[in-house]
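Please open the structure in your viewer and keep the selection tool at hand. The tour below proceeds from one selection to the next.

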Amino acid sequence: PSHRYETLHDFAGSLAASCDAVVVDATFVKGTFPAVCADKLLILTSDEQADNCGHPVIRYDHSFGVKEALQHLTQLGHKKILMLSINWWNNRDNARVRAFQKYSKEFGLQYAPIEYLAETFDDVTIDQISGLLKKHSEATAVFCVCDTLALRVLQAAHQLGINVPKDLSVMGFDDISSSALSIPALTTIRQGSCSISGELSYEQT
């Protein structure tokens with residue numbers, strides 16, 4: 001049954017009393033929440049947000065997701081794939097770029113350049129992406145480090161008169177809700193594989 005809690009502390013306390021484990025996104029690991037659920041807390045994260053938090057950490061397996069993406073693209077016949085990433089030096093993007101470098105060799109890609117666009121998404125322009133699509137015109141597919149970037153690639157391709165997916169395949173990562181609303185709908189990887197580091201400090205009964 002639903003219940004309205006007056007404070008986050010009350011909500012966390014209720015979870016701690018009724019659950020064997022509490023999985024919390026890393027962005028919410030602050031204040032009294034971890035203190036109340038300290039012995040049952042699992043931190044869900046996609047990057048370095050939860051490093052040294054003192055709790056077991058569930059990390060997304062970015063490498064597996066990239067492998068699935070390249071497997072899908074190569075099964076479609078693509079051997080020349082451009083990867084686009086934002087110039088953010090965080091664990092998430094680094095893991096995806098490293099995985100692309102690894103699996104592009106394993107899948108025998110003939111052409112697998114990586115381009116970094118900008119420091120932030122706000123600095124990425126359609127003209128910049130269009131320039132890269134022209135520069136790497138031999139690429140038959142574009143794999144983006146995230147869906148937000150992939151959606152902008154679709155915009156750039158449309159402005160250049162490139163038919164997606166007939167002339168160019170575009171794949172994103174994360175399966176955000178807006179990926180299904182684009183025209184054409186964005187092909188993307190849903191993050192579902194995780195690894196756990198650390199040990200729970202309680203015994204399940």
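Is Asp175 buried, partly exposed or exposed? Asp175 has a relative accessible area of 27%, so Asp175 counts as partly exposed. Please bear in mind throughout that this is a predicted model.

**The whole chain**

Display the entire protein chain as a cartoon. The chain contains 6 helices and 9 strands. Of its 205 residues, 43% are buried. The chain exposes about 11300 Å², and carbon and sulfur atoms supply 49% of that area. Consider also the contacts between residues at least 6 apart in sequence: 64% of them join residues at least 24 apart.

**Strand β4**

Select β4, residues 81-85. All 5 of its 5 residues are buried. Show the side chains: Ile81, Met83 and Ser85 point one way from the strand, while Leu82 and Leu84 point the other way.

Add β6, residues 141-144. This strand pairs with β4 in the parallel sense, over 4 bridges. Then add β5, residues 114-116. β5 also runs parallel to β4, and 3 bridges join the two. Leu84 is a useful residue to centre on: Leu84 stands opposite Cys144 in β6 and opposite Glu115 in β5.

**Helix α4**

Select residues 91-106, which form helix α4. The helix has 16 residues and reaches 22 Å from its first C-alpha to its last, close to the 22 Å expected at 1.5 Å a residue. An α-helix has 3.6 residues a turn, so residues three or four places apart point the same way. Keep that in mind while colouring the buried residues of α4, among them Arg92, Arg96, Ala99, Phe100 and Tyr103.

What do these buried residues pack against? Their partners are α3, β4, β5, β6 and β7. Now move to the residue Gly108, which follows α4 and has a positive phi, near 70°.

**Aromatic rings**

Show the aromatic side chains. The count comes to 3 aromatic pairs. Tyr103 and Phe107 form a tilted pair, with 6.4 Å from centre to centre and 50° between the planes. Tyr103 counts as buried because its relative accessible area is 7%. Next select Phe100, Phe143 and Phe173 together; these three form one aromatic cluster.

**Salt bridges**

Side chains of opposite charge can pair when their charged atoms come close. How many salt bridges are there in this model? The count comes to 4, and three of these can be visited in turn.

Begin with Arg96 and Asp174, whose side chains meet at 2.8 Å, N to O. This pair links distant parts of the chain: Arg96 belongs to helix α4 and Asp174 to the loop between β7 and β8, 78 residues apart. Arg96 has a relative accessibility of 1% and therefore counts as buried, whereas Asp174, at 26%, is partly exposed.

Return now to Asp175. Its side chain meets that of Arg190 in a salt bridge of 2.8 Å, N to O. Asp175 lies in the loop between β7 and β8, and Arg190 in the loop between β8 and β9, so the pair ties together parts that are 15 residues apart in sequence. Arg190 is exposed, at 66% relative accessibility.

Finally, select Glu138 and Lys80, which meet at 3.8 Å, N to O. Glu138 is in the loop between α5 and β6, and Lys80 is in the loop between α3 and β4; the two are 58 residues apart. Glu138 is partly exposed at 41% relative accessibility, and Lys80 is likewise partly exposed at 26%.

**Helix α6**

The last stop is α6, residues 147-160. This helix has 14 residues and reaches 20 Å from its first C-alpha to its last, close to the 20 Å expected at 1.5 Å a residue. Colour its buried residues, including Asp147, Leu149, Leu151, Val153 and Leu154. Which elements help to cover the buried residues of α6? The cover includes β4, α5, β6, β7 and β8. Just after the helix, select Gly161, which takes a positive phi of about 80°.

Terms used
Residues are numbered from 1 along each chain as its sequence is written. Side-chain values use heavy atoms; hydrogens and water are left out. Buried means under 20% relative accessible area, exposed over 50%, partly exposed in between (1.4 Å probe, protein chains only). Contact means heavy atoms within 4.5 Å. Accessible areas come from the Shrake-Rupley method with a 1.4 Å probe; for residues, only the protein chains shown count as cover. The expected span of a helix is 1.5 Å times one less than its number of residues. Two strands pair if DSSP finds at least two bridges between them. Rings of Phe, Tyr and Trp (its six-membered ring) pair if their centres lie within 6.5 Å; planes under 30 degrees apart count as stacked, over 60 as edge-to-face and the rest as tilted.
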